[in-house]
Amino acid sequence: MANILIVANWKMHPPTFREAKKLLEKAKKAASKRKHISLVIAPPSVYMRELAKGARGARLAFAAQNAHWEKGGAYTGEISMQQVKDTGASYVLVGHSEVRARGESNDDTRKEIAAALSAKLTPILCIGENERLPSGAHFSVIREQIGIGLKDVPQSALSRVIIAYEPVWAIGGEKTLTPRDMHEMAIFIRKTIVDAHGAQGYNVRILYGGSVSENSAYPMLQDGDVSGLLVGHVSVDADRFAELLASLSKV
Ligand code: PGA
């Protein structure tokens, strides 16, 4: 049974630490019965240290939703990769579309990936087009996001990078990409990486994100050519998320 990576992006939820603890307990319980699932929780950073401490020994990892590339300095409101690592996280989302919408550029993602790797964090580079046009122009958007984002990654570190393809138009609702379209995109992503970085690029793991639900998770993992999923709003609904994990027993 292949190992599946499920990343739960809690975004700016839940409102209290008490609720965060409960949500984590339920997710942990649902995942514990499924040894082929590696669960990564991306909570708001203020909850990270306590949650990670409480989860010690569990087959569970943590991700920051965003972090800065500088080691330190006058960056009010930001956190560094080293600070993220110090809270107990081992992954970091880079270039999430909601962060890009606030001004993050491809060049910023390039610096964040380098900083994450040197802090011994696994970067998850989020890519995705805002809209799909019949011209197929979205492929150039993806090529550029990958090209610049991974530009400084040495070949030896390439397999430590994860790509999460999240078409922006599919985020936050119930409208999702078809597994067939994901399969096509996964081939394109791999080819783009291999063209720029050589055969090591075949080892890069690809996740799908964008309205993943208890209904769409299994078909996407079966036919979408991805090794995992990035789950947003369904991951903060404990019952739906447990159902989603349960639906993966057959994968
Ligand atoms: P969603 O979010 O599952 O709510 O679409 C995914 C994401 O933004 O990472």
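This report describes a predicted model of a protein with a bound ligand, moving from the ligand site to selected helices, strands and loops.

**The ligand and its surroundings**

The ligand is surrounded by 13 residues, and the closest of these are Lys11, Glu166, Gly172, Ser211 and His233. Sorted by class, this shell holds four nonpolar, seven polar and two charged residues. Three of the pairings between protein atoms and oxygen atoms of the ligand are set out below.

| Residue | Protein atom | Distance to a ligand oxygen atom |
|---|---|---|
| Asn9 | polar side-chain atom | 3.3 Å |
| Glu166 | polar side-chain atom | 2.7 Å |
| Ser211 | backbone N or O atom | 2.7 Å |

Asn9 and Glu166 therefore each take part through a polar side-chain atom, while Ser211 takes part through its backbone. On its own the ligand would expose 280 Å², and the protein buries 99% of that area.

**The loop between E1 and H1**

Lys11, one of the residues closest to the ligand, lies in the loop that runs between strand E1 and helix H1. Its phi is near 50°, which is a positive value in a residue that is not glycine. Pro14 is in the loop between E1, residues 4-9, and H1. The peptide bond joining His13 and Pro14 is cis, with omega at about -10°. Most residues other than glycine have a negative phi, and most peptide bonds are trans.

A positive phi also appears at Asp225, where the value is about 65° although the residue is not a glycine. Asp225 sits in the loop between helix H8, residues 217-223, and strand E8, residues 228-231. With a relative accessible area of 26%, Asp225 is partly exposed, because that figure falls between the 20% limit for buried and the 50% limit for exposed.

**Helices H1 and H2**

Helix H2 covers residues 45-54, and within it Tyr47, Met48, Leu51 and Ala52 are buried. Viewed down the axis of H2, these buried residues fall within an arc of 125°, so they line one face of the helix. Val46 and Gly54, on the other side of H2, are exposed. What do the buried residues of H2 pack against? Their partners are helix H1, residues 17-32, and strand E3, residues 60-64.

Arg18 belongs to helix H1. Its relative accessibility is 61%, so Arg18 counts as exposed. Between the C-alpha atoms of Arg18 and Ile6, which are twelve residues apart along the chain, the separation is 23 Å.

**Strand E5**

Strand E5 spans residues 122-127, and Thr122 is part of it. Ile127 also has its place in E5. Is Thr122 buried or exposed? Its relative accessible area is 18%, and Thr122 is buried, because buried means under 20%. Ile127 is buried too, with a relative accessible area of 2%.

Leaving out residues up to four places away in sequence, Thr122 touches Ser90, Tyr91, Val92, Arg160 and Ile162. On the same terms, the contacts of Ile127 include Arg100, Ile142, Gln145, Ile146 and Ile189. Ile127 also touches Ile163, Ala164, Tyr165 and Glu166. Glu166 is the residue that places a polar side-chain atom 2.7 Å from an oxygen atom of the ligand, and Ile127 is thus in contact with a residue of the ligand shell. Although their positions lie 33 residues apart along the chain, the C-alpha atoms of Ile127 and Val94 are separated by 9.0 Å.

**Arg132 in the loop after E5**

Arg132 is found in the loop between E5 and helix H6, residues 138-149. It is partly exposed, with a relative accessible area of 27%. Which side chains make polar contacts with the side chain of Arg132? One is the side chain of Glu129, at 2.8 Å. Another is the side chain of Tyr165, at 2.9 Å.

Not counting residues up to four places away in sequence, Arg132 touches His138, Tyr165, Trp169, Leu177, Asp181 and Met185. Tyr165 is also among the residues touched by Ile127. In contrast to these contacts, Arg132 and Ala119 are 36 Å apart in space from C-alpha to C-alpha, with their positions 13 residues apart in sequence.

Definitions and conventions:
Residues are numbered from 1 along each chain as its sequence is written. This is a predicted model: local features need pLDDT of at least 70, side-chain atom pairs count only at pLDDT 80 or more; totals for chains, interfaces and linings use all residues. Side-chain values use heavy atoms; hydrogens and water are left out. Buried means under 20% relative accessible area, exposed over 50%, partly exposed in between (1.4 Å probe, protein chains only). Helices (H or I, at least four residues) and strands (E, at least two) are DSSP runs, numbered from the N terminus. The arc is that of the directions from the helix axis to the C-beta atoms. Contact means heavy atoms within 4.5 Å. A residue is near a molecule or strand if one of its heavy atoms lies within 4 Å of it. A polar contact is a pair of N or O atoms within 3.5 Å; within protein, one must be able to donate a hydrogen and the other to accept it, and residues adjacent in sequence count only if both atoms are side-chain atoms. Accessible areas come from the Shrake-Rupley method with a 1.4 Å probe; for residues, only the protein chains shown count as cover. Ala, Val, Leu, Ile, Met, Phe, Trp, Tyr, Cys and Pro count as nonpolar, Asp, Glu, Lys and Arg as charged, and the others, Gly among them, as polar.
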